[in-house]
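Visitor: Please show me the chain, and then let us go through some of its residues and its interior together.

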Amino acid sequence: MHPIVNRLRLGVKALFQLGPRQLSLYAFYQFGLRSGHYRRVTPAPRPVVNPARLQPVLPLPDPQAIITLLGDSGLSALRHVADEIVAAQVHLFGSAPVPLDLTPPPPLHHWTVYEGHDHGLGDLKFIWEPARFGWTFTLGRAYWLTKDERYPEAFWRYFETFQDGNPPYLGPNWLSAQEVAIRLCAFVFAAQVFAGSQNSTPHLLTRLAEAVAQHAARIPPTLVYARAQHNNHLITEAVGLYTAAAALPEHPEAAKWQRLGWRWLNHAFQTQFAPDGAYCQHSANYHRLALQAACWSQAVQARCFPDTAFPPQTLARLQAGVSWLFALLDPTTGQVPNLGPNDGALLFPLATSPFSDYRPALQAAARAFFAEPALPPGAWDEASLWLGLPLMAAREPIPSPRLSHPGQSVLKGTGSSWAYLRAARFTSRPGHADQLHLDLWWKGLNLAQDPGTYRYTAAPPWDNALSSTLVHNTISVDNLEQMTSAGRFLYLDWVQVSLPIREQSEDGAWERLTASHNGYRRLGVTHQRQVTAFKNGRWLVEDTLRGASRHQHTARLHWLLPDLPWQADLDPQRVHLTLTTPHGVVKLVVRAEIPVQSMLVRAGQLLLGDGVTDPTWGWTSPTYGDKMPALALIVHFQGQLPLHIISEWILPDETS
């Protein structure tokens with residue numbers, strides 16, 4: 001098909017599948033860019049004459065309560081990371097430390113010039129992330145507990161470096177209003193937590209207040225873009241406006257910022273969380289971001305706007321969102337499946353926990369919106385204290401029945417094994433083509449895992465390649481995606497999954513989920529997956545391809561496994577693989593009624609079997625910009641429908 005014709009076809013599809021409202025809002029934003037309107041309404045701002053000092057927005061906790069909670073080891077860990085930041089080393093996206101660079105290379109243009117053009121800067125996320133000032137929360141927490149003046153001194157030094165190297169509305173760090181809003185919140189936190197420091201001079205506090213006002217003024221002109229995206233952009237930008245109104249109540253625009261922020265916060269939470277709690281971006285990490293933003297907003301509201309509160313409609317959606325994500329929490333590690341797009345965001349790092357630990361966010365959200373904890377007491381409670389959420393005695397049993405989520409497609413196996421079957425009903429654009437993907441966990445080890453994201457923008461083949469059906473734990477047919485890729489962040493022809501059917505044996509020996517999807521309806525093929533958890537340490541995954549098609553089809557089963565010592569026999573009748581884990585030997589057996597062709601791939605390289613590999617196979621990405629080798633077991637089989645293949649996982653029997 002001619003490229004122009006194909007673009008027109010995709011454009012028509014996008015109009016019908018995304019809806020005219022989102023596309024018209026995006027078109028309005030583009031018109032504002034191309035007409036020069038946004039350049040005219042965001043000129044270099046004039047300095048504020050005698051700006052008011054930033055007001056406190058959070059109920060800061062008793063330092064001794066946090067020191068007691070963290071203990072010596074926790075406090076030492078916090079100080080270690082804070083000392084790294086003092087030495088200009090930061091953990092971007094929760095990965096290994098890198099130099100803190102806050103000054104993009106010159107020349108700096110008006111922010112509108114960077115829309116759609118990177119000007120040789122590469123992946124802008126590596127410029128934006130340090131400029132979010134997320135590391136400020138670590139410095140602030142460390143100072144609040146230790147009164148070590150090195151921490152505020154480092155913040156003010158970096159703040160002035162940023163201000164001097166990023167004049168208002170010039171350069172890539174002013175391109176995204178979302179980045180501006182996130183940075184604004186960090187500035188407001190810094191003003192409050194460092195207020196008593198000898199390094200916080202009147203001049204610096206004045207400059208910080210002026211910066212917050214300039215940041216807040218950048219957000220409203222392009223709020224239409226955030227509305228068009230229908231995602232976390234709208235949430236974070238609304239949080240930024242609401243926080244600025246609380247911190248600068250005497251500013252002439254404060255009432256407008258408060259009104260806009262509160263309106264769009266409630267709109268976003270009510271429309272972006274589905275009634276069952278699923279988040280519109282189909283991403284565990286963005287789900288956490290939205291809940292963190294909600295907790296922050298509620299803390300600011302309680303401290304600064306006590307006459308308002310989230311209405312019942314908003315509260316109901318947030319409660320559902322907490323329950324949905326809590327159902328995916330691995331109790332051993334605090335991790336969740338690496339579902340959907342993962343840009344490495346940790347909006348408010350208010351606990352001494354690794355990036356992958358979701359317990360601080362979920363514990364705080366449960367306290368904020370259920371008024372009770374989701375987890376037993378632990379170091380993850382620190383985030384709750386920073387947000388003014390009191391630590392009540394945990395109710396028994398934990399979790400509370402109010403936090404249960406019976407509709408979630410999670411199965412519990414023997415002991416500490418559990419699985420998540422991806423079975424979404426899309427009403428908003430998905431980021432990954434991952435229907436009927438299976439995540440399998442055992443004793444805190446993610447045995448069958450989601451590859452994550454790695455990079456949104458990079459040279460091929462790494463331009464968002466891990467969103468593909470081919471690298472998820474599901475079946476692909478004729479080497480095709482489940483959906484039509486129409487851009488880096490856009491899939492069309494959304495796949496819909498039937499409502500999963502849950503069954504259980506009368507004697508409780510097994511429990512089963514069954515679902516099917518229509519992603520290959522254009523081929524006349526339906527994929528059904530049946531997952532059975534036995535109470536003796538076995539998991540059975542049965543995949544069946546059915547349909548009216550009389551053609552031969554090639555099917556491809558993919559399993560992504562941790563990079564552990566392995567042994568394998570890739571027999572055409574029965575594939576047998578063992579992994580030696582810290583908890584014992586795990587076996588995976590794949591068998592079909594017809595011969596299969598298999599390969600084992602690690603980091604894009606063929607380890608065993610026959611076939612052509614791809615550089616993106618056999619990788620997992622725990623956070624943005626970071627990828628690690630993994631084992632990809634790929635099994636091809638072909639024939640006429642129906643086609644059937646069984647994967648059997650055998651875990652050491654914890655009941656014996």
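Visitor: Between which two strands is the loop that holds Gln449?

Guide: This is a predicted model, in which local features need pLDDT of at least 70, side-chain atom pairs count only at pLDDT 80 or more, and totals for chains, interfaces and linings use all residues. Residues are numbered from 1 along each chain as its sequence is written, and side-chain values use heavy atoms, leaving out hydrogens and water. With strands taken as DSSP E runs of at least two residues, numbered from the N terminus, the loop with Gln449 runs between strand E6 (445–448) and strand E7 (475–477).

Visitor: Is Gln449 buried or exposed?

Guide: Buried means under 20% relative accessible area, exposed over 50%, and partly exposed in between, with a 1.4 Å probe and protein chains only. Because its relative accessibility is 9%, Gln449 counts as buried.

Visitor: Which residue's side chain makes a polar contact with the side chain of Gln449?

Guide: A polar contact is a pair of N or O atoms within 3.5 Å, where within protein one must be able to donate a hydrogen and the other to accept it, and residues adjacent in sequence count only if both atoms are side-chain atoms. At 3.3 Å, the side-chain partner of Gln449 is Thr620.

Visitor: Which helix gives the largest share of the largest nonpolar core?

Guide: A nonpolar core is a set of buried Ala, Val, Leu, Ile, Met, Phe, Trp, Tyr and Cys residues joined through side-chain atoms within 4.5 Å. The largest one has 141 residues, of which Trp135, Leu139, Phe155 and Trp296 touch the most other members. Its largest share, 12 residues, comes from residues 177–193, helix H8.

Methods. Helix = DSSP H or I, 4+ residues; strand = E, 2+ residues; numbered from the N terminus.
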